[in-house]
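Biologist: Could you put the model up so that we can go through it together, one question at a time?

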Amino acid sequence: MTNTAEHTRTENRKAEQVTAEEAMTGNVETEGREIDGAETGNVERSGARGARGATVVVTGASGRTGSRVARAARAAGLSVRAASRATGFDWWDDSTWEPTLRGADAAYLAVPSDVGAPGAAEAVGALARRAVGLGVRRLVLLSARGEDQALPAEEALHASGARSTVVRSAWFAQNFSEGPLVEELRERGELVFPAGEVREPFVDVRDVADVVVAVLTSGDRYAGRTLALTGPRLLTFGEAVAEIARATGRTLAYRPVPTRDYGRALAGFGVPQQEVEALTAVFDTLLDGRNAHLCDGVRAVLGREPRDFADFAREEAATGTWRARAAGTEGHAAPLR
């Protein structure tokens, strides 16, 4: 995902452990200029004094980005209100929104399945308007860098009247360590994915979370802005797998496949046809080379360089993330993001 990072309902059914996002792209300005390094300025990473103690709603709080946002927000002195199905919040049931939003000062929005999925823009707009009506002053939306399908959701957020910020993330480094892709690497020693040889500036989800919290604690500094986040260098998916192989000492391979074949595999794993079509359309958009360039958003907001993929791979390898498992100890996971 854009800045973007570091995307399906299959994962949401597992107690919303992954939220879209969790993200990918978009280089179009929406109500305010995109920050890709031209706009700089260090942010108080300990939290703006006026923000300390404020209550922030974190959607997808058990998910890939939400869990890190919640952790970073607490470290910055914010009070976190987790929002997931486990806590009674459902993106697709507006009767669950008010109890979660009432009394909050800000909210982090990560749309289940994908920010560009059918119905996402309507949900984002309706939730944002409800939040504004309840006095929630600041909203941050996780979007995807280069994903045209995400633009309506971004526009709906800005049109709500909230002091809103869009964070467009590149593809997450953690997509290789959490969720279905990691099972392929563990069990089969191979990643099958429709990315060809396109280069992607993989971003560490911890950097995305740090940027989100910096935005939440910086007053109106980033209101109306779109922030583009990437890692520090470009890698193909094959090169990313090779980095993981070096870190683990295992022989791992990457096998690119056509998007249509990948879609058939998703359908074979029981993913609904509408979701298959939406996901394959997103992959065709995002993996055409449009995101093969770096942005300086992480440094512009945080005043430091983004984490490198090699460091991520070494850290995860040390915890045994990609350790091979004996055959039959795990079922094969659907090859989803």
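Biologist: Is Arg138 buried or exposed, and what is its relative accessible area?
Modeller: This is a predicted model, in which local features need a pLDDT of at least 70 and side-chain atom pairs count only at pLDDT 80 or more, whereas totals for chains, interfaces and linings use all residues. Residues are numbered from 1 along each chain as its sequence is written, and side-chain values use heavy atoms, with hydrogens and water left out. Buried means under 20% relative accessible area, exposed over 50% and partly exposed in between, with a 1.4 Å probe and protein chains only. Arg138 is buried, its relative accessible area being 12%.

Biologist: How many residues apart are Asp220 and Arg138 in the chain?
Modeller: Asp220 is partly exposed at a relative accessible area of 44%. It forms a salt bridge (a side-chain nitrogen of Lys or Arg within 4 Å of a carboxyl oxygen of Asp or Glu) with Arg138, and the closest N and O atoms are 3.1 Å apart. Asp220 sits in the loop between α7 (205-216) and β9 (225-229) and Arg138 in strand β5, so that helices and strands here (DSSP runs, H or I over at least four residues and E over at least two, numbered from the N terminus) locate a pair linking distant parts of the chain, 82 residues apart.

Biologist: Which residues are joined into one network by salt bridges that share partners?
Modeller: The salt bridges in question have partners in common, and through them four residues are linked. The residues joined in this one network are Asp207, Asp210, Arg304 and Arg307.

Biologist: How many salt bridges does the structure hold, and how many residues apart in sequence are Asp94 and Arg130?
Modeller: Asp94 is partly exposed at 42% relative accessible area, and Arg130 is also partly exposed, at 28%. The structure holds 27 salt bridges, and in one of them the side chains of Asp94 and Arg130 meet at 4.0 Å, N to O. Because Asp94 lies in the loop between β3 (79-83) and α3 (97-101) while Arg130 belongs to helix α4 (residues 120-133), the pair ties together parts of the chain whose separation in sequence is 36 residues.

Biologist: Where does Arg137 lie, and how many residues is it from Asp105?
Modeller: Arg137 is partly exposed, with 40% relative accessibility, and its side chain meets that of Asp105 in a salt bridge of 3.4 Å, N to O. Asp105 is in the loop between α3 and β4 (106-109) and Arg137 in the loop between α4 and β5 (138-144), so the pair links distant parts of the chain, 32 residues apart.

Biologist: At what angle do the axes of helix α2 and α7 cross, and which word describes the pair?
Modeller: The axes, which are lines fitted to C-alpha atoms over the stretch in contact, with angles from 0 to 180 degrees between N-to-C directions, come within 8 Å for α2 (residues 66-75) and α7 and cross at roughly 50°. Angles under 35 degrees count as roughly parallel, over 145 as roughly antiparallel, 65 to 115 as roughly perpendicular, and the rest as oblique. The relation of α2 to α7 is therefore oblique.

Biologist: Which residues of α7 are met by Arg68, Val69, Ala72 and Ala73 in α2?
Modeller: Contact is taken as heavy atoms within 4.5 Å. With that cut-off, the four α2 residues Arg68, Val69, Ala72 and Ala73 meet, in α7, Val205, Arg206, Ala209, Asp210, Val212 and Val213.

Biologist: Which residues does Ser177 contact, leaving aside its neighbours within four places in sequence?
Modeller: Ser177 lies in the loop between β6 (163-169) and α6 (180-187), and at 7% relative accessibility it counts as buried. Once those sequence neighbours are set aside, its contacts are Val182, Phe312, Glu316, Thr321 and Trp322.

Biologist: Which residues of α6 are buried?
Modeller: Seven of the eight residues of α6 are buried, so this helix is largely enclosed by the rest of the structure. The buried residues are Pro180, Leu181, Val182, Glu183, Glu184, Leu185 and Arg186.

Biologist: What separates the C-alpha atoms of Ala144 and Ser169 in space?
Modeller: Ala144 lies in strand β5 and is buried, with a relative accessible area of 0%. Although Ala144 and Ser169 are 25 residues apart along the chain, their C-alpha atoms are separated by 5.1 Å.

Biologist: What share of the 337 residues in the chain do buried residues make up?
Modeller: The chain has 12 helices and 11 strands. Of its 337 residues, the buried share is 61%.
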